[in-house]
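Me: I am new to this structure and should like a close look at its interior. Please describe how the nonpolar core is built, and then work outward to the contacts, salt bridges and loops around it.

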Amino acid sequence: KKYIQGKREKCLGLKQAKYWYELAVEKGESTAMNNLGYLYQHGLGTEVDLQKAFALFEKSALANNMYACSNLAYFYDSGTYVKQDYATAYKWYLKGAELGNPNCMNMLGQFNLNGKGRDKDYDEAAKWYKKTIEKDAKHAAAHCNLGYCYEFGYGVPKDLNKALELY
């Protein structure tokens, strides 16, 4: 973990991180699977390999790694490497949210607010933005998104003062 948090220009550090993650993946460590997937996704210390990244994110998400759930959902949400599939993306964001990932919670709000792959549900969107903020009080995107809901009365009573406070 210490290698991935270092500066990106230290290629030797990233290559060492990859080496240690690979050893941990062989032992079934789900955090290492997710982190190694990230290296492959972004070409850090290795060449970009979306097939490997996807496989590692999937294996880690199936082992209940909340960050891997978000990464896997992103692949389906954006159509990166796999066919775009909002229903499957939603499923993985939901699993990540249930495991406590605030980014997944915020994305569920987005899906419901915008009707992405489902009917718009403003109440559900506001609920997920509130849950995000409860989990991570500094989650800037969730604050802005909930502020938007208050500004226009989406899932909450219209309240411009509350919207400004959240923005």
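The description that follows starts at the core and moves outward.

Reply: The model is predicted, and everything below should be read as a description of that model. As background, nonpolar side chains in soluble globular proteins tend to be buried together.

The largest nonpolar core holds 32 residues, and within this core L36, L72, Y76, W92 and Y93 touch the most other members. Several helices build it: α1, α2 (30–42), α3 (50–62), α4, α5 (86–98) and α6 each contribute at least two residues. The greatest share comes from α4, which gives six residues to this core. Apart from this core there is another one, made of 12 residues that include L113, A126, A142 and C149.

L36 offers a way to see who its neighbours are. Leaving aside residues up to four places away in sequence, L36 touches K18, Y21, E22, V25 and L56. Two of these neighbours, E22 and K18, are themselves joined, for their side chains form a salt bridge with N and O 2.7 Å apart. Both residues belong to helix α1 (residues 11–26), and because they stand four residues apart in that helix, about one helical turn separates them. The two partners are not equally covered. K18 is buried, because its relative accessibility of 16% is under 20%. E22, in contrast, is partly exposed, with a relative accessible area of 27%.

Helix α4 deserves attention as well, since α4 gives the most residues to the largest core. S70 lies in this helix, and S70 is buried at a relative accessible area of 17%. Its contacts, not counting residues up to four places away in sequence, are Y93, N101 and C104. Of these, Y93 is also one of the residues that touch the most other members of the largest core. The same helix carries D77, whose side chain meets that of K116 in a salt bridge (2.7 Å, N to O). This pair ties together distant parts of the chain: D77 is in helix α4 (residues 66–78), while K116 is in the loop between α6 (102–114) and α7 (122–135), 39 residues away. D77 is buried, with a relative accessible area of 7%, whereas K116 is partly exposed at 26%.

The loops on either side of α4 each hold a residue with a particular backbone angle. N64, found in the loop between α3 and α4, has a positive phi of about 70° although it is not a glycine. N64 is partly exposed, with a relative accessibility of 45%. In the loop between α4 and α5 there is Y81, a residue other than glycine whose phi is also positive, near 70°. Y81 is likewise partly exposed, at a relative accessible area of 43%.

Next come two later helices. Two packed helices are described by the angle between their axes and by the distance between the axes. For α7 and helix α8 (residues 140–152), the angle is about 145° and the axes lie 9 Å apart. The crossing of α7 past α8 is left-handed. On the α7 side the contact is made by A126, Y129, K130, T132 and I133, and on the α8 side by A142, H143, N145, L146, C149 and Y150. Sorted by class, this contact comprises seven nonpolar, three polar and one charged residues. Among these residues, A126, A142 and C149 also belong to the core of 12 residues.

Finally, helix α9 (residues 160–166) contains K162 and E165, three residues apart and thus about one turn of the helix from each other. They form a salt bridge, with the closest N and O atoms 3.5 Å apart. E165 is exposed, because its relative accessibility of 59% is over 50%. K162 is partly exposed at 28%. The salt bridges in the model number four. N161 also lies in helix α9, and N161 is exposed, with a relative accessibility of 63%. Between the C-alpha atoms of N161 and C104, which are 57 residues apart along the chain, the separation is 27 Å. C104, for its part, is one of the contacts of the buried S70.

Key. Residues numbered from 1 in each chain as written. Predicted model: local features only at pLDDT ≥ 70, side-chain atom pairs only at ≥ 80, totals over all residues. Heavy atoms only, no water. Buried < 20%, exposed > 50% of the residue type's maximum accessible area, 1.4 Å probe, protein only. Contact = heavy atoms within 4.5 Å. Core = buried A, V, L, I, M, F, W, Y, C linked by side-chain atoms within 4.5 Å. Axes fitted to C-alpha atoms, helices over the stretch in contact; angles between N-to-C directions. Left-handed = near helix turned anticlockwise from the far one by under 90°. Nonpolar A, V, L, I, M, F, W, Y, C, P; charged D, E, K, R; others polar.
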